[in-house]
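Biologist: I have a structure to look at and some words I would like explained. Could you take me through them?

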Amino acid sequence: MRVAAALRDAAITGLVAAGLFLPLVALRTDVSPSGALFIRTRWSDAAILIALAVVGRFALVLWLGRKIPVASTESAWWEEPLRRAGKFFTPVLLLVAVALPWLPGTGRYELDLGILVLTYVMLGWGLNIVVGLAGLLDLGYVAFYAVGAYSYALLAQYFGLSFWLCLPLAGILAAFWGVLLGFPVLRLRGDYLAIVTLAFGEIIRVVLINWASFTGGPNGIGGIPRPSFFGLPFSMGGEAGSFAHTFGLEPSPLHRVVFLYYLILGLALLTNWVSIRLRRQPLGRAWEALREDETACRALGINITTTKLTAFALGAMFAGVAGSFFATRQGFISPESFTFIESAIILAIVVLGGMGSQIGIALAALIMIGGFEVFRGLEEWRMLVFGIAMVVIMVLRPRGLVSSRTPTVALGERRAISGALVGEGRG
Amino acid sequence: MAYALQQLINGISLGMIYGLIAVGYTMVYGIIGMINFAHGDVFMIGAFTALITIVLLLSGGMMEGPGAILLVLLVSMSVTALYGWTVERLAYRPLRGSFRLAPLISAIGMSILLQNYVQVSQGARVKPLEPIVRGGFEVMREGGFVVQLSTIQIMIVSITLSVLAVFTWLVTRTPLGRAMRACEQDRKMAALLGVDTDRTISLTFVIGAALAAVAGSLYLIRYGVIDFYIGFLVGVKAFTAAVLGGIGSLPGAVLGGLLIGLIETFWSAYFSVQYKDVAAFAVLVMVLIFMPTGLLGRQEVEKV
């Protein structure tokens, strides 16, 4: 019975797959040297894809039946052990992060990857304030990242300010932009808010590209000063006053990478610490209340304007700080680095992490950015795999990897509750 | 005067394309309340299918007359509709009834997936197509400036209007349209009264994708260059158009599309080409500040 159903389903899938793949895969349009288009046929590629679809569907129906798997909201198998081990898990993860530069087998590549992952962890925690805590959907978060990066690059270029002075300045400037964006969108809700934030991100990028006399346009800004160890430069010469000389070390290019690693680790942990602390204070509680029910919030006398604006400003501030870190690490920035896809990746990290779960976001960043690196060998297929992974993970775990929450306030014992009980905000 | 008239003609033909895509966004939003981020890429698939069909017809020497264009449209519509159906089935249906951000992320993933699928299967290079439709009329002449109304522009406007007429008939006069409107008002109630909501939603995606395919084919014939990335910007602008007109409102989507097309064209003509996207987005922000639900959107009644 089941085999018959599976066969029928597989046949239908085959027809659909043929309709999908025959035009776009089997008939490839190529540009001939004369500039005209011609068709190059690739029947075998299309046939392989169709066969894969048929076999896959057949196996799936045979295994699970015809029922569409409904996305589960209950906890996954790994969550219960994770929660039990939770007391140890977080410190262990932190310990590994702190010890990474000293672990055997850690080279330049691993450290660079670590820095990249931690940058996204920080961005994820920053965006979590806006999306996870306050429930405001922001699709243009990367704009603030860009503001931070360009703030540092331009301040250094035009005024020669140092990195350590620019780091807080970039945060403040980005926070200012966050308020600037926040004001007009205060009255907007849901998807109207989403599209305006997206538009804002695009506006910033277009301005960066076209205001070439100030921002360097599409060519970006190069030669951004690298950070110093609180005033001691990392130079290869090992002359007096350099980091290596002061501490009596052999000059090595690794010093700066290790320093950058600890810097971003510290910044990320600062973001985490601030958001955890704020959650327990009136402001953080107001954010969460806003996410649960805006009308009730108003009725209880919470000032919606300041609550929303502080969420935008704080989220933006952390993105700005991360941006100026990004600028000093790369030494070169261009508008290319701040496209919508970056916003989408950061948002995906927050949602995949389980919106509001700090450890979940760190894990999600590790999986997404680390996983993306693992597939480096796939080249142009890499983004394709990335897209497929995003869809598959969302379909299987719509509530994110860690779908339980520990309430901020509780009567008596504090127990983890299901993420399904947490509101998602209409803002 | 003549210059402005020319811009008006260009703006309307561009706005029609945005309007066709915006209808797809607004329909899906109205019925299941999600931003279908992959819709711009469905439009891109439509353009590519049309390109493949045109190249096939050209190599057979059959790309002649309105019949060939109709054939291109039909092929593109059916293939793209199948893509629309598959996207809904694979990425959105399993998330029905889940929380709001899950389908959004899934849609963004789908958008990345479709873009890179076309990049891998059709190549990353820009595809230039020789002009298929030539000729036009001279509307007026003022000084040395000639106002042109090209055949393509007439074609875009007439095809868009007839497609929209069929679509309006479908939504207002057929059982399917009634089911769609019922689902939009109250999906649970519609299901209780015997409307097959899953089927209705699937068909909504199919119709939206077919409209996007028309837009994609017209875009290809009008501009002659496409690549795998066109879906993003055109999609964002079409969504902007849908929001501008009031998301969920079908006439609003077309109105918004026309407005965005006109704003963009006039801004490029009189101010700067580089900042035309900024102009479109700035108008969106302005409109939303004063009319938070768009031009023709319904005022949301908040129940406590």
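Modeller: Here we go through the terms one by one; please keep in mind that this is a predicted model.

Biologist: Let's start with chain B. What makes chain B as compact as a globular protein of its length?

Modeller: Chain B has eleven helices and four strands. Its radius of gyration is 19 Å, close to the 19 Å that the globule rule gives for 304 residues, so chain B counts as compact in that sense. The C-alpha atoms of chain B fill a box of roughly 65 × 50 × 35 Å along the principal axes.

Biologist: How much of chain B is buried?

Modeller: Buried residues make up 52% of its 304 residues. To be called buried, a residue needs 20 or more other C-beta atoms within 10 Å of its own.

Biologist: How do you know that the span of helix H10 of chain B agrees with its number of residues?

Modeller: We compare two values. At 1.5 Å a residue, the 21 residues of H10 (residues 250-270) of chain B should span 30 Å, and the end C-alpha atoms are 30 Å apart, so the two agree.

Biologist: And why is H10(B) called mostly covered?

Modeller: Because buried means 20 or more other C-beta atoms within 10 Å, we can simply count: 15 of the 21 residues of H10(B) are buried.

Biologist: What makes a set of residues a nonpolar core, and which residues have the most contacts inside the largest one?

Modeller: The members must be buried residues of certain nonpolar kinds, joined through C-beta atoms within 7 Å. The largest such core here has 222 residues, and those with the most contacts inside it are Ala348(A), Ile349(A), Ile21(B) and Val214(B). Helix H8 (residues 197-223) of chain B gives the largest share, 15 residues. From chain A, the core draws at least three residues from each of domain 1 (2-64) and domain 2 (96-227 + 269-421).

Biologist: Which residues does Ile21(B) touch?

Modeller: Leaving out residues up to four places away in sequence, Ile21(B) touches several, including His39(B), Phe43(B), Ala212(B) and Val234(B).

Biologist: How do you know that chain B touches chain A?

Modeller: Two residues are in contact if their C-beta atoms lie within 7 Å. By that test, 57 residues of chain B are in contact with 52 residues of chain A. H4(B) provides the largest share of chain B's side, 16 residues. That side has 38 nonpolar, 13 polar and six charged residues.

Note on methods: Residues are numbered from 1 along each chain as its sequence is written. Chains are lettered from A and ligands numbered from 1 in the order in which they are written. This is a predicted model: local features need pLDDT of at least 70, side-chain atom pairs count only at pLDDT 80 or more; totals for chains, interfaces and linings use all residues. Helices (H or I, at least four residues) and strands (E, at least two) are DSSP runs, numbered from the N terminus. The expected span of a helix is 1.5 Å times one less than its number of residues. A residue is buried if 20 or more other C-beta atoms lie within 10 Å of its own, exposed if 12 or fewer, and partly exposed in between; C-beta atoms are placed from the backbone. Ala, Val, Leu, Ile, Met, Phe, Trp, Tyr, Cys and Pro count as nonpolar, Asp, Glu, Lys and Arg as charged, and the others, Gly among them, as polar. Domain bounds come from an automatic or database domain assignment. The radius of gyration is taken over C-alpha atoms; the globule rule is 2.2 Å times the number of residues to the power 0.38.
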